[in-house]
Amino acid sequence: DPLVSAYAAEEDQAAEQSVRPKRLAELIGQHRVREQLDLLLQSALRRGSPPDHILLSGPPGLGKTTLAMIVAAELSAGLRMTSGPAIERAGDLAAVLTSLSEGDVLFIDEIHRIAKPAEELLYSAMEDFRVDVVVGKGPGATAIPLDVEPFTLVGATTRSGLLTGPMRDRFGFVGQLEFYDPDELELIIARSARILDVPITDEGSTEIGRRSRGTPRIANRLLRRVRDYAEVRGTGVVDLAAAKAALAVYDVDELGLDRLDRAVLRALIRQGGGPVGLSTLAVAVGEQPDTVEEVCEPFLLRTGLLARTPRGRVATPSAWRHLGLPVPAGTVG
Ligand code: ADP
């Protein structure tokens, strides 16, 4: 479901560009990571050398790419962007690394999905700013050492646990992004509305913020959909009535759960509330296990609708109540 998916759809990419905060001071929420990054960047600027490599982890849509761009902006550095899945061979990565200028920021999204040989090449680049490029095959193969300009790697991953130990160890800074509170999302929505020139009431932004799954990307997308609704069927103003009506059209419920979230809860409930293993659950809702684990679960856990046990996922009493079902005796969570 592209509307409430936290992954960026094509539509988002252009729309998001204009509302993306450009500097740390413009960032809303994430106070802890913001403070930590501020110190890291300020001290690097004072020393006049690139900061430690930075790992950002958290569910999609919380601001990892935005932060990578901000890191480059705060350092007045060049920015190169790529992603783990795009780096299939060590040679692909070597080409990127050797073309960096001094002080550049290299952003690798989904860094946990980088191919193994490329990952090993990355280790030496991160540690010693050099790479050994192997030329030829078999007994005649030779390793040619190449220098890499000092750079800062910003890696993004949905969960830092997905990284191998040696990879994690090479980051001097690990920032864990958290879901946003409804009042922070409300501020993000009000800011975006201002930039996009969309008339909005306080109640409108409160309602959209409350139902955005703790995720700025979803908040901005819901804002655009409620705006469409307000323009076509309403008064043109994003107010409470437009927000409620539009979100009903798009099947976003009171807690901001989308169809997939509800499908996950229903699948658990069909099994008496669980426990159900991840792969069984993914099959039941027709999704990849990764999507269920990285996108649905963190939010369902955070809202207390789902719990993880050693034997699998379980629906909590709140989940039964949210779906309007009587809570069976003995349900815990
Ligand atoms: P990720 O890389 O974690 O998937 P992005 O950095 O692409 O997420 O963020 C998605 C969108 O959400 C961005 O376009 C940006 O407009 C918005 N956004 C993210 N974090 C913030 C924030 N702290 N304040 C305001 N807007 C934000």
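Start by selecting arginine 313. With 27 other C-beta atoms within 10 Å, Arg313 is buried, because 20 or more is what it takes to count as buried. Keep in mind as you click around that this is a predicted model. Arg313 sits in strand E9, which covers residues 312-315. Now show what it touches, skipping neighbours within four places in sequence: you should find Leu268, Gly274, Pro275, Val276, Leu278, Leu281, Leu306 and Arg308.

**Hop to Arg308**

Since Arg308 is on that contact list, select it next. You'll find arginine 308 in strand E8, residues 306-309. Is Arg308 buried or partly exposed? It has 16 other C-beta atoms within 10 Å, so it is partly exposed. Apart from neighbours within four places in sequence, Arg308 is in contact with Leu301 and Arg313. The two arginines also share a label: an unreviewed UniProt entry places a "binding site" feature at Arg308 and Arg313.

**Find the ligand**

Next, click on the ligand and show what is around it. The shell has 20 residues, and the closest are Glu16, Gly63, Lys64, Thr65 and Thr66. Which elements give two or more residues to this shell? Colour helix H1 (10-19), helix H3 (64-74) and helix H9 (216-233), and you have them. If you colour the shell by residue type, you get 9 nonpolar, 7 polar and 4 charged residues.

**More UniProt labels**

The unreviewed UniProt entry also lists "binding site" for Arg20, Gly61, Lys64, Thr65, Thr66, Glu127, Asp128, Phe129, Arg170, Tyr180 and Arg217. Select the whole set and zoom out: these residues spread over 198 residues of sequence, and in space they reach up to 36.9 Å between C-alpha atoms.

Pick two of the listed residues for a closer look. Aspartate 128 belongs to helix H5, residues 116-128. With 11 C-beta neighbours inside 10 Å, Asp128 counts as exposed. Then try arginine 170, in the loop between helix H6 (165-169) and strand E7 (173-176). Arg170 has 19 other C-beta atoms within 10 Å, so it is partly exposed. Beyond residues up to four places away in sequence, Arg170 touches His53, Tyr123, Met126 and Glu127.

While you're here, highlight residues 50-202. UniProt's unreviewed entry marks this stretch as "domain: AAA+ ATPase". Switch to cartoon view: the stretch is 35% helix and 24% strand, and its end C-alpha atoms are 42 Å apart.

**Into the core**

Now head for the largest nonpolar core, which has 79 residues. Which of its residues have the most contacts inside it? Select Ala68, Val71, Leu223, Val226 and Val238 to see them. Helix H9 gives this core its largest share, 7 residues.

Stay on Val238 for a moment. Not counting neighbours within four places in sequence, its contacts include Ala193, Pro199, Leu223, Val226 and Ala230.

That last one is your next click. Alanine 230 lies in helix H9, and it is buried, with 23 other C-beta atoms within 10 Å. Ala230 is in contact with Thr235, Gly236, Val237, Val238 and Ala242, again leaving aside neighbours within four places in sequence. Try the distance tool too: the C-alpha atoms of alanine 230 and alanine 243 are 8.2 Å apart, with their positions 13 residues apart along the chain.

**Helix H8 and its cover**

Select helix H8, residues 202-210. Its buried residues are Gly204, Ser205, Glu207, Ile208 and Gly209. What covers them? The cover includes helix H7 (182-196), H9 and helix H10 (240-249).

**One last residue**

Jump to phenylalanine 299, in helix H13 (residues 289-302). Phe299 counts as buried, with 22 C-beta neighbours inside 10 Å. Setting aside residues up to four places away in sequence, Phe299 touches Phe179, Arg213, Gly214 and Asp261.

**Zoom all the way out**

Finally, show the whole protein chain: 14 helices and 9 strands. The C-alpha atoms fill a box of roughly 70 × 50 × 30 Å along the principal axes. For 333 residues, a compact globule would have a radius of gyration near 20 Å, and this chain's 22 Å agrees with that. Colour by burial and you'll see that buried residues make up 41% of the chain. Of the contacts between residues at least 6 apart in sequence, 69% join residues at least 24 apart.

Key. Residues are numbered from 1 along each chain as its sequence is written. This is a predicted model: local features need pLDDT of at least 70, side-chain atom pairs count only at pLDDT 80 or more; totals for chains, interfaces and linings use all residues. A residue is near a molecule or strand if its C-beta atom, placed from the backbone, lies within 6 Å of it. Helices (H or I, at least four residues) and strands (E, at least two) are DSSP runs, numbered from the N terminus. Ala, Val, Leu, Ile, Met, Phe, Trp, Tyr, Cys and Pro count as nonpolar, Asp, Glu, Lys and Arg as charged, and the others, Gly among them, as polar. UniProt positions are given in the numbering used here, feature names are shortened, and annotations may be inferred rather than shown by experiment. A residue is buried if 20 or more other C-beta atoms lie within 10 Å of its own, exposed if 12 or fewer, and partly exposed in between; C-beta atoms are placed from the backbone. Two residues are in contact if their C-beta atoms, placed from the backbone, lie within 7 Å. The radius of gyration is taken over C-alpha atoms; the globule rule is 2.2 Å times the number of residues to the power 0.38. A nonpolar core is a set of buried Ala, Val, Leu, Ile, Met, Phe, Trp, Tyr and Cys residues joined through C-beta atoms within 7 Å.
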